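Work through the exercises below with the sequence and the 3D view side by side. Try each task before you read its solution.

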Amino acid sequence: MFHRSGELQEIFIDNDAKLLEKPAARQDAFAVRRAHFPDEMRFFAPGLKHYSIPEFEQKNPHAFLPISLTGAGCALDCDHCNKKILEPMIPLDPKEGLFSMCRKMAAGGTESVLISGGSTRTGEVPFMKHIGEIKRIREELGLKIIMHTGLVTDENEAAALKAAGVDGVAIDIIGANETIRDVYHLGATTEDYERSLALLSSYGLSLRPHVILGLHYGRFLGEYHALDMIARYPVHALIVVILTPMHDTKMWGVEPPPPPEVDRFFRQARVKMPDTSIMLGCARPLGDYKKVVDKMAVEAGLNGIAFPAEGIVEHAASLGLKPIFIENACSCGC
Ligand code: SF4
């Protein structure tokens, strides 16, 4: 586990973030939200996992389903994941094919899919050989598609995604070369992530970038740089998730980032991107940690939370936010 010195912490927080350390900072962030959005808070419950709280009973667990184009396979063994995020996804059956699988899902009530998968050695999800089927899924089945791309370095890929009519593109943005090297074991740089954003944006794709807080073994390192990069593009929504150490990964036993640092990022993001929807995604530690950061997310003026902890809907209502319940992923239903 890494421990942070006070000096190092200063390096990670830029000047704007320091300004937000005023006691009124949380109210400031909430005021920014109030000035730019209606008084509504969106709560998401995507499929695959049953979810029920007093205010929200999931009715269609198949409404949104994730598909892995590579099944359980991935050429990278990222220290925080070790391919584990692929496990709950529906593996592509190469014999049946993506289109046929999606046709069955649509017949079973599915309305949206995440098309994802493991990476190549160079950090890309190999979707191009399926692009024809992806287009047919959008056009003939009418399923909403969020495409998780990994790095996009080839203009043809961005053009193909646009021509396929995908509804949104999800991409993890990493803001520190050390994290790209040590956690992902990739030879890429932060410039490659920014180039991906630029390429996708230049084709008018609807971007839903993700930032993983604490990705560097629980430490904040490139998060604010990632935020700076994202803020330079007209993204549809920013999705914030939090490192959740998993069994059988090199990060098992690592402490997730301290909630006050998470709170500071929420507020900085809110102020930096005042009219962009910001969602707290489903990947975050459970239990008391979740209760604390969910409350912070509401108070910092974020727009939505996936699988909110108990009591959070009520808390949002107490701040004057009307709850909207959506049976979809936050990157899709936002
Ligand atoms: S590339 Fe993606 S699926 Fe593969 S190990 Fe890394 S985070 Fe997991």
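Helices (H or I, at least four residues) and strands (E, at least two) are DSSP runs, numbered from the N terminus. This is a predicted model, where local features need pLDDT of at least 70, side-chain atom pairs count only at pLDDT 80 or more, and totals for chains, interfaces and linings use all residues. Residues are numbered from 1 along each chain as its sequence is written, and side-chain values use heavy atoms, with hydrogens and water left out.

**Exercise 1. Two positive phi angles**

Task: Find where K83 is placed, and say whether K83 is buried, partly exposed or exposed. Do the same for D248.

Solution.
- Step 1: K83 belongs to the loop that runs between β4 (64-68) and β5 (90-91).
- Step 2: Its phi is positive, about 75 degrees, although K83 is not a glycine.
- Step 3: Buried means under 20% relative accessible area, exposed over 50%, and partly exposed in between (1.4 Å probe, protein chains only). K83 has 27%, so K83 is partly exposed.
- Step 4: D248 sits in the loop between β10 (237-242) and α10 (259-272). D248 is not a glycine either, yet its phi is positive, about 60 degrees.
- Step 5: With a relative accessible area of 56%, D248 is therefore exposed.

**Exercise 2. The ligand shell**

Task: Which residues are around the ligand, and how do they divide into nonpolar, polar and charged?

Solution.
- Step 1: Apply the cut-off: a residue is near a molecule if one of its heavy atoms lies within 4 Å of it.
- Step 2: The residues around the ligand are C74, L76, C78, H80, C81, K83, I85, L86 and S119.
- Step 3: Sort them. Ala, Val, Leu, Ile, Met, Phe, Trp, Tyr, Cys and Pro count as nonpolar, Asp, Glu, Lys and Arg as charged, and the others, Gly among them, as polar.
- Step 4: The shell has six nonpolar residues, two polar and one charged.

**Exercise 3. Helix α3**

Task: What should α3 span, and which of its residues are buried?

Solution.
- Step 1: The expected span of a helix is 1.5 Å times one less than its number of residues.
- Step 2: Helix α3 (residues 25-36) has 12 residues, so it should span 16 Å; the C-alpha atoms at its ends are 17 Å apart, which agrees.
- Step 3: A25, A29, F30, V32 and R33 are the buried residues of α3. They lie on the same side of α3 because they cover an arc of only 150 degrees around the axis. The arc is that of the directions from the helix axis to the C-beta atoms.
- Step 4: Q27 and A35 are exposed on the other side of α3.
- Step 5: Contact means heavy atoms within 4.5 Å. The buried residues of α3 pack against β1 (40-44), α10 and α11 (287-299).

**Exercise 4. Two buried helix residues**

Task: Where is E223 placed, and what does E223 touch? Then turn to M296.

Solution.
- Step 1: E223 is in helix α9 (residues 223-231). Its relative accessibility is 4%, so E223 counts as buried.
- Step 2: Not counting residues up to four places away in sequence, E223 touches V211, I212, L213, G214, L215 and F265.
- Step 3: M296 lies in helix α11. At 11% relative accessibility, M296 is therefore buried.
- Step 4: Not counting residues up to four places away in sequence, M296 touches R26, P259, P260, D263 and F266.
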